[in-house]
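The following exchange introduces a protein model to a first-year student. Please keep the structure in view while reading.

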Amino acid sequence: MAKSMQLVELMAVMEVEYPAKNAVFVAHAFHQESYAKSVIPVPRFPVISPMMKRGDSMDVSGFRSNFPTLQGDAVPIYLDNACMTLRPQQVIEAVQQYYSKNPSCAGRSVHRWGMSVSQTVSRCRRKLADFIGAKQAREVIFTPNATHSINQVAAGMRWEKGDIVIISDREHNSNLVPWLQLKKQGVELCTVASHADNTFDLEAYESACADAGENLRMVSLVHVGNLDGVEIPVAEASKIARDHGAIMHVDGAQSAPHIPIDVEALGCDLFSFSIHKMLGPSGVGALWGKEEILSTLEPICVGGGTVSSASTAEYALREIPDRLEGGLGHYAGICGTEAALDLLAKYNMLDFAAQEVRINDIITNGIKDLPGVEIIGPEAASKRGGICSILLDNLDIQNVGILMDEVGSVFVRSGLHCVNQWFEPRGNSQGSLRASAYAYNTEEEARCFVDTFTEIINGLSGED
Ligand SMILES: Cc1ncc(COP(=O)(O)O)c(C=O)c1O
């Protein structure tokens with residue numbers, strides 16, 4: 001009785017007459033108002049660090065205290081952040097709460113658990129949109145990862161024989177292979193070579209756009225390279241793409257976690273990124289796109305949740321975001337994503353970037369003069385963000401990677417980093433050893449990297 005009184009009151013506030021035509025909506029609102037918040041309380045985190053001016057050092061130890069894997073004795077030095085970051089307690093708890101308190105699906109079930117998850121998904125979508133400067137939350141699509149986002153774009157467009165796609169020579173395989181697949185449809189891929197120091201050659205890019213002429217349909221460029229940390233001038237590149245009538249897609253897998261993103265200012269049409277590289281759970285990614293483009297993409301996964309009607313003869317797709325989110329989603333991951341975004345919201349991404357360059361500076365200066373060592377990309381760490389990718393003469397990269405852990409508990413990545421297209425023409429089949437920092441890495445850890453690496457290189461090359 002008390003509940004039905006509440007419902008009547010709620011309908012009165014919403015100026016809904018009883019019996020309402022949109023009773024389902026009223027029921028949804030009722031559930032949201034009365035139950036959802038109590039099922040999963042919105043996490044309230046203490047303010048860890050006030051916004052700081054560029055260049056100030058951030059409260060690294062305060063930030064570190066959020067991460068269980070960084071507590072206690074024998075904590076490894078985690079420098080494999082370009083693969084995935086560590087997860088803070090808040091994210092772990094949000095995932096755990098989803099499974100222990102309301103393990104339901106969004107957008108379908110109207111019971112209180114289902115409504116709570118629906119509410120979390122919409123809140124999280126809004127927060128993700130805010131995080132990347134997007135105006136409309138519905139322009140953010142949840143995907144399993146950046147690879148899936150890019151595949152959705154490449155496979156979802158309607159191509160014509162002779163269409164041209166431009167990429168750079170430093171793309172991750174996830175921003176190469178989906179475009180190569182289009183060859184079967186007569187789409188041509190054009191690669192723009194970077195400068196010798198791996199920085200973006202804007203002039204070469206502009207001429208490639210001009211050469212492609214009317215056939216240019218799509219430009220897809222990595223914002224910050226996972227190979228070298230080099231950032232490209234996306235706003236300029238977007239303008240050139242636009243001037244040539246092309247759609248601009250940005251692979252933001254390595255930029256969104258490390259620098260402030262404003263898709264409006266970048267002037268791009270589509271932006272793919274992964275949440276597991278920015279404190280969130282594994283297997284969550286996102287695709288942002290302008291509504292008019294997303295709405296024309298053919299979904300690569302259709303079925304439950306994507307259609308407004310379906311019969312044995314035909315179907316009609318829903319509007320975005322639903323049409324591009326087929327099947328039940330990774331709701332635990334989305335709950336964790338919201339917690340990650342709430343934590344990130346306490347910080348200024350410029351401070352993250354500055355801290356990561358500080359770490360990279362120590363690493364770069366500490367190792368650059370060692371025998372047989374060459375750093376990929378520009379000399380200055382400030383031009384490579386938090387990434388120091390090292391080529392080694394005559395030493396096995398995998399062995400050095402293993403030794404880094406065994407000798408100094410330093411976790412790095414060794415190999416091709418899925419950027420085969422950069423190593424292959426250089427005759428390098430073993431790749432590089434990559435240290436990639438995140439804002440929780442300390443200067444002491446960077447010095448430990450230098451000491452461990454120096455000991456190994458000197459030891460293996462007989463310099464000791
Ligand atoms: C630049 C870049 N693009 C795309 C990807 C693919 O991301 P995901 O693993 O989320 O699909 C990565 C992953 O490392 C990356 O570094």
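The questions and answers below treat the sheet, its strands, the cores and the ligand.

Reader: What kind of model is this, and how are its residues numbered?

Author: This is a predicted model, in which local features need pLDDT of at least 70, side-chain atom pairs count only at pLDDT 80 or more, and totals for chains, interfaces and linings use all residues. Residues are numbered from 1 along each chain as its sequence is written.

Reader: In what order do the 7 strands of the open sheet stand?

Author: Strands are DSSP runs of E with at least two residues, helices are runs of H or I with at least four, and both are numbered from the N terminus. Two strands pair if DSSP finds at least two bridges between them. The pairing in this open sheet is mixed, and the order is β2-β8-β7-β6-β5-β3-β4.

Reader: Why is one side of β2 and of β4 left without a neighbour in the sheet?

Author: Strands of a sheet pair through backbone hydrogen bonds, either parallel or antiparallel. β2 (140–143) and β4 (188–192) each have a single partner strand, so one side of each is left without a neighbour, for both stand at the edges.

Reader: Which residue in β4 stands opposite Ile-166?

Author: Strand β3 (residues 164–168) runs parallel to β4, and 5 bridges join the two. In β4, the residue opposite Ile-166 is Cys-190.

Reader: Are the residues of strand β6 buried or exposed?

Author: A residue is buried if 20 or more other C-beta atoms lie within 10 Å of its own, exposed if 12 or fewer, and partly exposed in between, with C-beta atoms placed from the backbone. On one side of β6 are Ile-247, His-249 and Asp-251, and on the other Met-248 and Val-250. Of the 5 residues in β6 (residues 247–251), 5 are buried.

Reader: Which helix gives the most to the largest nonpolar core?

Author: A nonpolar core is a set of buried Ala, Val, Leu, Ile, Met, Phe, Trp, Tyr and Cys residues joined through C-beta atoms within 7 Å. The largest has 75 residues, of which Ile-132, Ile-166, Ala-286 and Trp-288 touch the most other members. With 7 residues (331–344 being its span), the helix that gives the most is α12.

Reader: Which residues come nearest to the ligand?

Author: A residue counts as near a molecule if its C-beta atom, placed from the backbone, lies within 6 Å of it. Of the 14 residues around the ligand, those that come nearest are Asn-145, Thr-147, Asn-226, Ala-253 and Ser-274.
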